[in-house]
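Welcome! Take a moment to look over the model below, and then we can walk through some of its features together.

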Amino acid sequence: MSSTPSTPQGLTTAEAQAKLQQYGRNEIREEQAHLWLLLLRKFWAPVPWMLEITLILEIALARWPEAIIIAILLVFNALLSFSQEQKAQKALALLREKLHIQARVYRDGHWQTIPAAELVPQDLVHIRVGDIVPADLQISDGSVLVDESALTGESMPVDRNKGSALYSGSVIRRGEASGLVTATGAQSYFGKTAELVRGAGAKSHLEGVVLHIVRYLVAMDLFLVAAILIYATVANLSLTQILPFALILLVASVPVALPATFTVATAIASMTLVKKGVLVTRLAAIEEAAAMSDLCSDKTGTLTQNTLRLGKIQPWSAHSDTDVVAMAALASDPSTQDPIDLAILQAQAANNPLPERTQFIPFDPSTKRSEALFRQEGTTWRALKGAPQILAELCQIQGWEETANALASTGARVLAVAAGPDGQPQFYGFLALSDPLRPDAAEVVHALQNLGIEVRMVTGDSQQTAAFVASQLQIKGPICDPKQLDKDCGVYAGVFPADKFHLVQRLQKRGRIVGMTGDGVNDAPALKQAEMGVAVQSATDVAKAAASLVLTTPGLQGVLDAVLIGRKVYQRMLTYTLNKIVKVFQVALFLSLGILVFQQFVVTPLLVLLLLFANDFVTMSIADDHVRPSPHPDRWAIRTLVLSSLAIAMAWLLYIVAVYLIGRGLGLSLGKIQTLDFLGLVFSGLANVFLVRERGHLWNSMPGTFLLLASLADVVVVSVLATQGWLMTAISLQETLILLGSTLVFTLLLDQIKVPLLQHLSPAVAKRKEI
C-alpha cells in the first residue's frame, strides 16, 4: 500500500479553527466534583470518624478545651490532606498534558503533528502500526489490521480497507492508512479521546504495607483500651473520664498524616523526575522503581544511538551489491521514519531509479520482515527485507549462518534481502548496518549494576551482535535464545516481542521485581506485566499507555534517575514507619501503664491531643527530608522492622517512665508531672525522628531544612505553652531546658545502641553508604 494518499486534500488552519469553534475539542472532560464536596469527604473516613465520636463525647461532657482541640485537629488534617491532594492532582494534570496523543494531520498543504484534541471533522489524518486511532475516521487510502477489543470486546483484530470506518480508541496492529475525520469528542463512537495516562488512584504497595503495620498497632491499642475499661469498671472509675481517654488513645495509634505524607513525597518525586525527562503515569510507580531488582532493556535506541549507517554489503550467489540495495530499498519507505529504512534509502539514492511499487507492507514485529510488491518483466515480484533466519527459511537456503555470524561479530545489525516472482523468493544477500553505542550507555549500565540491579539485554538481533554489544557494556551472564527464557541469562537474543512477556513472567516467578523497557505495540503486554514498565522516547502510543514511566530523552539515564529518586522516597517512608511504630509503642504503653500501674492520668487527654498536633506537624516534613538512596533494591521486611522499632520503643518507654518517676520523686504536683510528661513525649518524639532517619549514626547526614525548622518551631511552641501555663500546669524555663538537655543526651546514648542493633537485626536496614 502507499504510505500517504496520492492527492491529499486537507483543511487550512483557518478552516480547522472555525470547525474547532463549531464542534469543540476532540475530548470529553471528566466531571469534576466540587471542591467543597472533595473537602467534606476528608471528614468521612475511619480516622475522622474516631475523632468525630470523641468530639461528640467531649461536647456532651462539656469539656470544651478538649472539644476545641479535637475540632482543630479534624480541620487541620482535612485541610492538609485536601491541599496536598490538590497539588498532586495538578502535578498529574501537567503530566497528562505532556502525554496526550499526537496525530499526523494534513493541513495547509503539508503533513504536520498536532495534539489529537485539536482534530476536527474533515481533517485528513495518517495512522500507522502502534497508533491509537485519535478520532472516528473513514479510510480514504491504505489498509490496516485494527484491534477494536477496547470498543467491541472482540479479541481478534480485523482488517479495514478504503471506505471502512475506524473508531477512536482502537489500536493499529499492522499497516498504514489515511482517512477523513468523521466525528470527534462526545460525538465519536468511543465517546472520548483515548488517554495515555492511567488513573493515579492505584493502591500503593508501600502505603498498603504501612497500613498493614498500623492495623496491628491499633489491635494492640484495642487490647490496652479493653484492659483499661475493665480496670475502670472494677475500680469504679468514672466512665465519663475513661471513655474519651480510651478513644484518644486509639486515635493516637492511627497514622493521621500518612496519606498526606505519602502523597507529598511521591508528588515531589514525580515533579523532580519530570525535570529529568521522566513522566510518571501513576505515583505508585515511584516505589516500584525502588524495589526493582532486574531491568530488561532493549538494545536499539536505548543502549545504542539508533542512528544506523549502511556498512558492508554481502551479496549472495550471482547478485551484485546494487541488486541487494535496490531490493532492500523497495522493501523500505520514508514515511515510516524507521532508521533502517532511511539508511537503506540513503544508500540507494545514488543508484538507478527503482521500479514503481504496487503495494508496501511495513515491518511487522511478528513476522520480522517488511515487503513490497512491484512489476518486473510483466510479472508481479515481491521484495523482502528482514531477519536472516526468517528469509533464509523462506528461500530454503543452507550455509548462510557463517556469513551472517561473521558480519554480526563486529556488532553490526544484519539484515537479509530477498526478491523474486511472487511465491518464488530468491536470496539476494546481507546488509550490515552499524548502530554505535550511546555515549552514556556503559556508565548508566554500570551505575545500575552498582545499585544491585541485574541489567539484562533483550534484543531481536542475532547472538553474535548481542554478544559484541554486551561485551562493550560489560553486561554479565550467558547469551541465550528464546528457547532458554527459563535460564538466568545476561542477554536474550533473537527474541520476538511476545517472548518479552514470558520472560517477565518467568523472572517474577523467581521472586524478582522486574523493569522492562519497550517501544512497540507488541511490547505493551510485557510493559504492563512488569512491575515497572518503561516506554522509551520513541515508543508508540500503545506502549506508552501500558507503561508506568515514559522517557522523553533517549537512553537509560531516566531509569537510573527513577531508581535513585524512588529509593529516596522509600527511605523517607521507612523513616515515617519506624517513627510511627516507635511512638505508638511508647505513648500507648506509657498512658496505659499510668492507669493500670500508677492509677492516674500521667498525661491529660487534652495534652495527648496536643501531642498529636506536634507529632503530625514534624512527620509531614519527612516527605522532603534529605536522604541517601539505598545501595540495594528495597524490600519491606515487616518482622525486622517491627523488632527494630520495638527495641527502640522500649528504650524511649524507659526514658518517659523515668521522667514521670523523677517528677514524682521530687514531690511535684500531678499537674506539673503531666506537663513534664507531655514535654518528654514531644521532645522524645522529635529526637526519635532524627534517630531513625539515619540508619547509621544520626550525625552522618544533614536533615532537610523543613524538618529542622519544623522541629525547632515545635520545641519553641510547646516550651512557651509549658512555661506560660497555657492549656497545662506551668513549669519553669529551667525545668524545661533541663528536660530538653536530658533528651539530647539520652538520644546520643541510644544512637550508640541503635547502629549495632540494626546491623544485627538486618544488614539491609543498617548503615547506608554514600551513593
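Let's begin with a pair of cysteines. The torsion about the S-S bond of Cys480 and Cys489 is about -70°, so this disulfide is left-handed. In this predicted model, the sulfur atoms of Cys480 and Cys489 lie 1.8 Å apart. A disulfide is, in general, a covalent bond linking the sulfur atoms of two cysteines. How many disulfides does the count come to? The count is one disulfide.

Are the two partners buried or exposed? Cys480 counts as buried because its relative accessibility is 2%, and buried means under 20%. Cys489 is buried too, with a relative accessible area of 2%. Two further cysteines, Cys296 and Cys395, can be set beside them. Cys296 has a relative accessible area of 0% and is buried, and Cys395 is buried with a value of 12%. Here are the four values side by side:

| Cysteine | Relative accessible area | Class |
|---|---|---|
| Cys480 | 2% | buried |
| Cys489 | 2% | buried |
| Cys296 | 0% | buried |
| Cys395 | 12% | buried |

Now let's step back to the protein as a whole. The chain has 771 residues, and 54% of them count as buried. Its accessible surface comes to about 32600 Å², and carbon and sulfur atoms account for 59% of that area. The secondary structure comprises 24 helices and 21 strands. What about contacts between residues at least 6 apart in sequence? Of these, 72% join residues that are at least 24 apart in sequence.

Among the strands, a good place to look next is β12, β13 and β14. Strand β12 covers residues 369-376 and strand β13 covers residues 379-386. These two run antiparallel and are joined by eight bridges. One of the residues to find here is Arg375, whose bridge partner in β13 is Thr380. Two residues sit between the strands in the hairpin of β12 and β13. In that hairpin, Glu377 takes a positive phi near 55°.

Which strand does β13 also pair with, and in which sense? Strand β14, residues 413-421, pairs with β13 in the antiparallel sense, over six bridges. To follow this pairing residue by residue, start from Lys385: its bridge partner in β14 is Val417. Strand β13 is thus shared by the two pairings, with eight bridges to β12 and six to β14.

Key. Residues numbered from 1 in each chain as written. Predicted model: local features only at pLDDT ≥ 70, side-chain atom pairs only at ≥ 80, totals over all residues. Heavy atoms only, no water. Helix = DSSP H or I, 4+ residues; strand = E, 2+ residues; numbered from the N terminus. Buried < 20%, exposed > 50% of the residue type's maximum accessible area, 1.4 Å probe, protein only. Contact = heavy atoms within 4.5 Å. Areas by Shrake-Rupley, 256 points an atom, 1.4 Å probe, with all protein chains shown as cover. Disulfide = S-S within 2.5 Å. Pairing = 2+ DSSP bridges.
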